[in-house]
Amino acid sequence: MRQIMVTIVGRDRPGIIYMVSRALADYGVNVIEVSQTTLLGEFAGLFSCGLPVEADPERLTDILGGVLTGSGLAHWITDVAPAPAAGPAVELEPYVVTVRGRDRLGIIPEFSGCLAGFDVNIENLRAVALDGAETGDHQVVLFFELSVPRAVNQAAFRQALGLIAEELNLEFSLQHRDIFEAIHRL
């Protein structure tokens, strides 16, 4: 099997996942993982797939194009190269950084720059604007799901994040994902 990524974007409506997954299955493409979201009524979906060796990716592009005709949805198919030969394994720990406060320009680049500086990978990022229309005080909450190398100096990492939060007048927390999930479990 050849690994591909199918990307679908466009105006959200019911049935997109069905339409795409049905077309993929009918062509013999196995959907391995899916990640989809909607923002401002726009759909974005990533389908990690196994394409049979004998299948033609250009034919799949044509099939998806036909299925999506008139839907206003755009699609791309990308080959996903096998992972490079692994060097020494880096042990990673899952963490969650939560940031909350008044929305302002630069929050995401400031925090993501700090994370990159510690060689921390952002696995998932969700920024949610909270309605402050009545007060004019637009609040935001950001959730960064991270893979943090075990070798990272935790005290220095926490301090660097704290300095950014203080500079931007935001609240933040850094928690191991297991603790975050235990605290937020219903």
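**Two four-stranded sheets and their helices**

Nine bridges tie β6 to β7 (residues 139-149), and the two strands run antiparallel. Pairing here takes at least two DSSP bridges between two strands, and the elements themselves are DSSP runs, numbered from the N terminus: helices are H or I over at least four residues, strands E over at least two. The model is a predicted one, so local features need pLDDT of at least 70 and side-chain atom pairs count only at pLDDT 80 or more, while totals for chains, interfaces and linings take in all residues. Residues are numbered from 1 along each chain as its sequence is written, and side-chain values rest on heavy atoms, with hydrogens and water left out.

Back to the β6-β7 pair: I122 sits opposite L146 in β7, and A129 has V140 of β7 as its bridge partner. On to β5 (92-102), which pairs with β7 over eleven bridges, again in the antiparallel sense; here R102 faces Q139 of β7. Put together, four strands make an open sheet in the order β6-β7-β5-β8, with antiparallel pairing. Its edges are β6 (121-130) and β8 (171-176), each pairing on one side only. Neighbouring strands of this sheet are turned by 15 degrees against each other on average, direction ignored; for such angles, axes are lines fitted to C-alpha atoms (for helices, over the stretch in contact), and values run from 0 to 180 degrees between N-to-C directions.

As for β7, nine of its eleven residues are buried, so the strand is largely enclosed by the rest of the structure. Buried stands for under 20% relative accessible area, exposed for over 50% and partly exposed for anything in between, with a 1.4 Å probe and protein chains only. Two helices lie across β5, β7 and β8: α4 (residues 154-167), at about 155 degrees to β8, and α5 (residues 177-184), at about 110 degrees to β8.

The other sheet is also open, with four strands in the order β2-β3-β1-β4 and antiparallel pairing. Here β2 and β4 (74-79) are the edge strands, each with a partner on one side only. Neighbouring strands are turned by 15 degrees on average, direction ignored. Six bridges join β1 to β4, which run antiparallel, and D79 in β4 is the bridge partner of I4. Helix α1 packs on this sheet, touching β1, β2 and β3, and its direction makes about 20 degrees with that of β3. Helix α2 does likewise against β1, β3 and β4, at about 165 degrees to β4. Contact, throughout, means heavy atoms within 4.5 Å.

Within α1 (residues 16-26), the buried residues are I16, M19, V20, A23 and L24. Seen down the axis, they fall within an arc of 125 degrees, so they line one face of the helix; the arc is that of the directions from the helix axis to the C-beta atoms. The face turned away from that side carries Y18 and D26, which are exposed. Just after the helix, G28 takes a positive phi of about 85 degrees.

Finally, α1 and α2 pack at an angle of about 145 degrees, their axes 10 Å apart. M19, V20, A23 and L24 of α1 meet L60, I63, L64, V67 and L68 of α2. By class, this contact has nine nonpolar, no polar and no charged residues; Ala, Val, Leu, Ile, Met, Phe, Trp, Tyr, Cys and Pro count as nonpolar, Asp, Glu, Lys and Arg as charged, and the others, Gly among them, as polar.
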